[in-house]
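Reader: I work at the bench and would like a close look at one part of this chain, strand by strand, with its surroundings added afterwards. Please keep it plain.

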Amino acid sequence: MFKFITDRPFWVNLLVAAILAFLLIFLTLEMLGWVTKHGEYLTVPSVKGKRTEEAIKLLESKGFDVTIQDSVFTDSLQRGIVIKQLPDADATVKVNRTVFLTVNRYMPPMVVMPELEGKSLGFALDLLQRSHLQLGDTTFKPDFMKGSILEQQYNGKKIEAGEKVIWGSKISLVIAGGLQDEQIMVPELVGKTFAEGKITLEALGVNIGAVIAKDAIKDTANSFIYRQNPDRYNDEKKPVYIHPGQLMDIYISKEMVLPDSVSANKN
């Protein structure tokens with residue numbers, strides 16, 4: 001074999017080597033093209049609006065790999081459908097290309113309850129909409145802060161800001177209706193438990209203002225009211241009147257405090 005090579009001119013050997021190298025490169029490229037299916041292209045079908053399972057089956061049958069890139073929730077669209085695809089429909093791509101899908105979730109996510117208390121009704125409604133929540137029932141309660149939100153409720157119970165609720169939940173609002181023209185005599189709360197006094201005030205439409213505890217109290221409901229502001233009578237022993245929606249301050253103690261001892265303490 002070496003003699004076959006050495007018996008020929010150098011340029012012949014060089015030409016043979018070049019041809020062999022060319023054939024080797026050509027065969028290598030052909031093999032790569034065959035393995036990677038070079039030159040084969042497919043048109044991406046439209047799967048937007050289709051149910052996720054149906055879309056995946058269709059794409060895989062056409063030779064595409066499929067990845068769920070993201071799942072979002074849009075309550076105006078059918079749940080479980082494809083709402084976005086990449087590449088777009090009718091795009092021409094190579095075989096084995098991955099198609100990324102964004103789908104609409106089946107179950108709505110949880111959202112954070114915003115702080116509505118103390119806000120105006122218009123601002124509260126805007127906060128509800130931006131938080132993907134709906135307005136439920138509205139109740140007006142006499143209060144001097146007319147038009148402001150006094151309490152936010154979910155399923156009939158007060159809900160604190162920061163708690164999680166289901167997207168689209170209905171939130172009921174207790175709204176301040178302003179002071180009424182009606183005048184009522186200040187109720188006598190001294191000697192009642194805090195729970196009894198609260199019921200009395202709610203029945204009259206009077207709101208609790210400050211609650212001042214004389215000592216450390218764990219069970220506020222069963223504590224005793226020993227002082228109130230305003231009092232039922234003024235210094236001239238004449239009845240004092242208030243409007244529904246006004247505030248009354250309540251002073252509470254763990255044990256019953258007699259009015260005389262309260263007066264003594266004041267002095």
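Author: What follows starts with one sheet and the core that shares a strand with it, and then moves on to other parts of the chain. The model is a predicted one, and every value below is computed from it.

The part to look at closely is an open sheet of four strands, arranged in the order β7-β11-β8-β9. Its pairing is mixed. The edges are taken by β7, residues 134–141, and β9, residues 157–158. Each of these two has a single partner strand, so one of its sides has no neighbour in the sheet. At the β9 end, the partner is β8, which covers residues 149–154. β8 and β9 run antiparallel and are joined by two bridges. In this pairing, Q153 stands opposite K158 of β9.

The loop between β8 and β9 holds N155. N155 is not a glycine, yet its phi is positive, at about 55°. Its relative accessibility is 66%, which is why N155 counts as exposed. Another non-glycine residue with a positive phi is H132, where the angle is about 65°. H132 sits in the loop between α4 and β7. With a relative accessibility of 38%, H132 counts as partly exposed, because buried means under 20% and exposed means over 50%.

The strand β11 also leads to the packing. The largest nonpolar core has 15 residues. M113, L116, L133, I149, I171 and L173 are the ones with the most contacts inside this core. At least two of the core residues come from α4, residues 121–130, and at least two from β11. For a view from a single residue, take I171. Leaving aside residues up to four places away in sequence, I171 touches M113, L116, L128 and L133, as well as Q134, L135 and G136. Q152, Q153 and Y154 are also among the residues that I171 touches. The contacts of I171 thus include Q153, the residue that stands opposite K158. A separate core of 13 residues lies apart from the largest one, and V186, L189, V206 and V240 are among its members.

Now to another sheet. Three strands form an open sheet in the order β2-β5-β3, again with mixed pairing. β2 (65–72) and β3 (82–86) are the edge strands, and each pairs on one side only. On average, neighbouring strands here are turned by 25° against each other, with direction ignored. β5 covers residues 98–104 and pairs with β3 in the antiparallel sense, over four bridges. One of the facing pairs is V82 with V103 of β5. Beyond β3 comes the loop between β3 and β4 (92–94), where P87 lies. The peptide bond from L86 to P87 is cis, with omega near 0°.

The other loop of interest here is the one between β2 and β3, which contains F73. F73 forms an aromatic pair with W167, and W167 lies in the loop between β10 (164–166) and β11 (170–176). The two residues are 94 residues apart, so the pair links distant parts of the chain. The ring centres are 5.1 Å apart and the planes stand at 80°, so the pair is edge-to-face. Both F73 and W167 are buried.

Further along the chain, β16 spans residues 247–253, and five of its seven residues are buried. β16 runs parallel to β13, residues 207–213, and five bridges join the two. Across this pairing, V211 stands opposite I250 of β16. β16 also pairs with β14, residues 224–229, in the antiparallel sense and over five bridges. There, N229 has D249 of β16 as its bridge partner. N229 is also joined to P230 by a cis peptide bond, with omega at about 5°. P230 is placed in the loop between β14 and β15 (241–242).

Two charged side chains lie over aromatic rings. R227 lies over the face of Y251, at 4.5 Å from the ring centre. K214 lies over the face of Y226, at 5.7 Å from the ring centre.

Definitions and conventions:
Residues numbered from 1 in each chain as written. Predicted model: local features only at pLDDT ≥ 70, side-chain atom pairs only at ≥ 80, totals over all residues. Heavy atoms only, no water. Pairing = 2+ DSSP bridges. Axes fitted to C-alpha atoms, helices over the stretch in contact; angles between N-to-C directions. Phe/Tyr/Trp six-rings, centres within 6.5 Å; stacked < 30°, edge-to-face > 60°. Buried < 20%, exposed > 50% of the residue type's maximum accessible area, 1.4 Å probe, protein only. Lys NZ or Arg CZ within 6 Å of the ring centre and 35° of its normal. Core = buried A, V, L, I, M, F, W, Y, C linked by side-chain atoms within 4.5 Å. Contact = heavy atoms within 4.5 Å.
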